[in-house]
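Reader: I would like a close look at the strand pairing in one chain, then at how that chain packs and what it touches. Please keep to what the coordinates give.

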Amino acid sequence: MSALEIREVRKDFGSTRVLKDVSLAIDSGEFLILVGPSGCGKSTLMNAIAGLEPVTDGQILIGGDDITWRTPAERDIAMVFQSYALYPSMTVRQNIAFGLEMRKVPKAERAEAVERVADLLQITHLLERKPAQLSGGQRQRVAMGRALAREPQIYLFDEPLSNLDAKLRVEMRTEIKKLHQRLGTTIVYVTHDQIEAMTLADSIAVMRDGHILQLGSPDEVYNDPVDMFVAGFMGSPSMNFITATLEGQVGDYRLRITTPEEQELVLPWPADRVTSELAGHLGQQVVLGLRPEHFSEQDARLEGQQEGTLLETRVTVVEPTGADILLRLPLGDSEVTARVGPKCPVAAGERLALRVDMGRAVLFDPQSERRLA
Amino acid sequence: MDNVIRRRTPGARLARAALYAVLIVMALFYLLPLLIMLLTSIKPLDEIGAGTLLALPEHPTLAPWVNAWGEACTGMRCEGVGGYFWNSFAIVIPAVAISTVVGALNGYALTKWRFRGSELVFALMLFGCFIPFQVVLLPMAQTLGWLGLSSSRAGLVLVHVVFGIAFTTLFFRNFYVAVPSELVSAAKLDGAGFFRIFWRILLPVSAPIIVVSVIWQFTQIWNDFLFGVAFSAHDTQPVTVALNNLVNTSTGVKEYNVNMAAAMIAALPTLVVYVLAGKYFVRGLTAGSVKG
């Protein structure tokens, strides 16, 4: 039995369909992240789970119970809002206890729950303050405390970190992850930040235009994307897409990439990554997807080994980030980004030999944008 | 004051002095009627005839005030405006309270519990702000008759509530529209219902707009004359109607001092409300959002 199951949920606002038959299921203790660009329907889906928006069609089940038409209060869920939504007239203590009070939990138990949560989130010293007297990070903790006090079956997080500054966001991200590991709670978390998705999730649902394009582990979504949108959305800097022609014969494919002013480049497609779909595209254009880290500076020790494919080109821009260097270089009909080590001795305008790790490359159909191999 | 540091030249000082002089003169000019009312109300009648308007009283007396409160003739009766003063309170207090509460609930429902057509309902209520009083006099008289509330204080309360709701709804709706709806969502998830959310979450942050609504409604209803004269009987008249009757009673000499004292009595409550809560009024009108 799944902790949360969504069956073909549909949601219309007037004539606009914002959720198009969305289905998914997660197990108890799982951390699910809904990720996608603005307007993809992720927040609508979350509101549907919370019961704040009625669905047009479909079913939502929590712990096996159909709760599609229950009120938010009857669903046994708690939510952390983007704006925190702390009750401004109440102290932190009252904010945390409010949900318990509404559920007629006896006073002593309420006090106990507040103490437990405050201790867990290290906000005991803030309990008598009003939300206006708290910093952004403190409000964030209180908002989580309010959700944790009730110990519901499912926690919903609606872009909880997007109002924090960059440093605090990373800290709180770690904190949420620790909290999840410690409490083993079931969490549905909405974000448009793919780094949050990668770092926190047990499973990621990438959404677009009211559909779930892909539901899988962070590793699957990152390394095994179903289409160009998922591939391009996950990862920063994003995946490079290079137009190439598929040549060769069944079982022994090659990709020919023509770069203006450079010589043509022919990359062999690894035999263990051949799929049956490729045969139909022989002689046609395909899109080669390479992540920045699939390039590496040529290492003398690896000389002569066959695990990569050499590419020699002129670097146009060098962007050191400290931890590594991002290079921009022409490849095919566009410029691509490559990530190399911080010691790579290269300047803009110089030529550089890079090894391409074809073992991790992916291929897409340029028309449907679906994955080919 | 601005905190820009400037060198004060003699010219600038002169300009500033002239500015203050103009402002003070204007302020005094606007205060003049009040001063004349006050001076006239404490002069004996013969001094009013003899001296100029602004002359200070030689023998100040509170007799006109006592007269106006308890003895002066308003039409057929000679009992002063005192009783009608309390009449006004008996009408104003329930009318203000009810219209403010209903306006707050309307504003809350129209912003936080939107329903199909809620914008239309709001537009229609807004339209109510622009209906001239005269238009409804006859239908309202008929309605009060049907309800058995003709010539009663309760009837006047009802009329003022009905008219006031348009304004109070507008006030509260515009205030609550700026209160984040996520607060309501959070409270729903916490298990609170319609009235509980209103009482525990919205109302505690509503003080500025409650002050606006109360002051506005208080002055409107207290100063109302038309409904008062149309829908009241002798013993249920508000003070504005009594004041009019007192001033228009045409037996004997015109007792200007008594008239002025009665006018002061009739105007005092609104003045007091402004003095006590005026700064909150401005603050409430300009309050755009609630700082979390």
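Author: Two strands count as paired if DSSP finds at least two bridges between them. The model is predicted, and everything below should be read in that light.

By that rule, strand β12 (residues 252-257) of chain A pairs with β13(A) in the antiparallel sense, over four bridges. A:Ile257 stands opposite A:Leu265 in β13(A). In β13(A), residues 265-268, the side chains alternate between two faces. A:Leu265 and A:Leu267 point to one face and are buried, whereas A:Val266 and A:Pro268 point to the other and are not. A:Leu265 is thus named twice, once as the residue opposite A:Ile257 and once on the buried face.

A further set of pairings starts at residue 4 of chain A, with strand β1 (residues 4-13). An open sheet of four strands has the order β2-β1-β4-β5 in chain A, and its pairing is antiparallel. The strands at the edges are β2 and β5 (65-66) of chain A; each has a single partner strand, so one side of each is left without a neighbour in the sheet.

Inside that sheet, β1(A) can be followed to both of its partners. Towards strand β2 (residues 16-26) of chain A there are seven bridges. Towards strand β4 (residues 57-62) of chain A there are five. Both pairings are antiparallel. A:Leu4 appears on both sides: its opposite residue in β2(A) is A:Ile26, and in β4(A) A:Ile62. Further along, A:Arg10 has A:Asp57 as its bridge partner in β4(A). β1(A) and β2(A) form a hairpin with two residues between the strands, where A:Gly14 takes a positive phi near 60 degrees.

For the wider setting, chain A has eight helices and 21 strands. The UniProt annotation "domain: ABC transporter", from an unreviewed entry, covers residues 4-234 of chain A. Over that stretch the chain is 37% helix and 26% strand, and the end C-alpha atoms are 25 Å apart. The C-alpha atoms of chain A as a whole fill a box of roughly 75 × 45 × 35 Å along the principal axes. Of its 373 residues, 39% count as buried. Among contacts in chain A with a separation of 6 or more, 65% are between residues 24 or more positions apart.

One helix of chain A deserves a short note. Helix α5 (residues 166-183) of chain A has 18 residues and reaches 26 Å from its first C-alpha to its last, close to the 26 Å expected at 1.5 Å a residue. A:Gly184 follows α5(A) with a positive phi near 60 degrees. A:Ala166 belongs to this helix. Why is A:Ala166 exposed? A residue is exposed if 12 or fewer other C-beta atoms lie within 10 Å of its own, and A:Ala166 is exposed because it has 7.

Now the packing. The largest nonpolar core has 153 residues, and those with the most contacts inside it include A:Leu32, A:Leu34 and A:Leu156. Helix α7 (residues 153-176) of chain B gives this core its largest share, 13 residues. Apart from it lies another core of 16 residues, B:Ala68 and B:Val241 among them. Leaving out residues up to four places away in sequence, A:Leu156 touches A:Met46, A:Ile49, A:Ala50, A:Ile77, A:Met79 and A:Val188.

Between the chains, 20 residues of chain A are in contact with 16 residues of chain B. On the side of chain A, β6 (77-80) and α2 (92-102) are the elements that give two or more residues. That side divides into 16 nonpolar residues, three polar and one charged.

From chain B, helix α8 (residues 181-190) is mostly covered, with eight of its 10 residues buried. Its buried residues pack against α1 (42-50), β6 and α2 of chain A, together with α4 (82-112) and α9 (194-202) of chain B. Among the buried ones are B:Leu183, B:Lys188 and B:Asp190. Just after α8(B) comes B:Gly191, with a positive phi of about 105 degrees.

Key. Residues numbered from 1 in each chain as written. Chains lettered and ligands numbered in written order. Predicted model: local features only at pLDDT ≥ 70, side-chain atom pairs only at ≥ 80, totals over all residues. Core = buried A, V, L, I, M, F, W, Y, C linked by C-beta atoms within 7 Å. Buried ≥ 20, exposed ≤ 12 C-beta atoms within 10 Å, placed from the backbone. Contact = placed C-beta atoms within 7 Å. UniProt positions renumbered as here; feature names shortened; annotations may be inferred. Nonpolar A, V, L, I, M, F, W, Y, C, P; charged D, E, K, R; others polar. Expected span 1.5 Å × (residues − 1).
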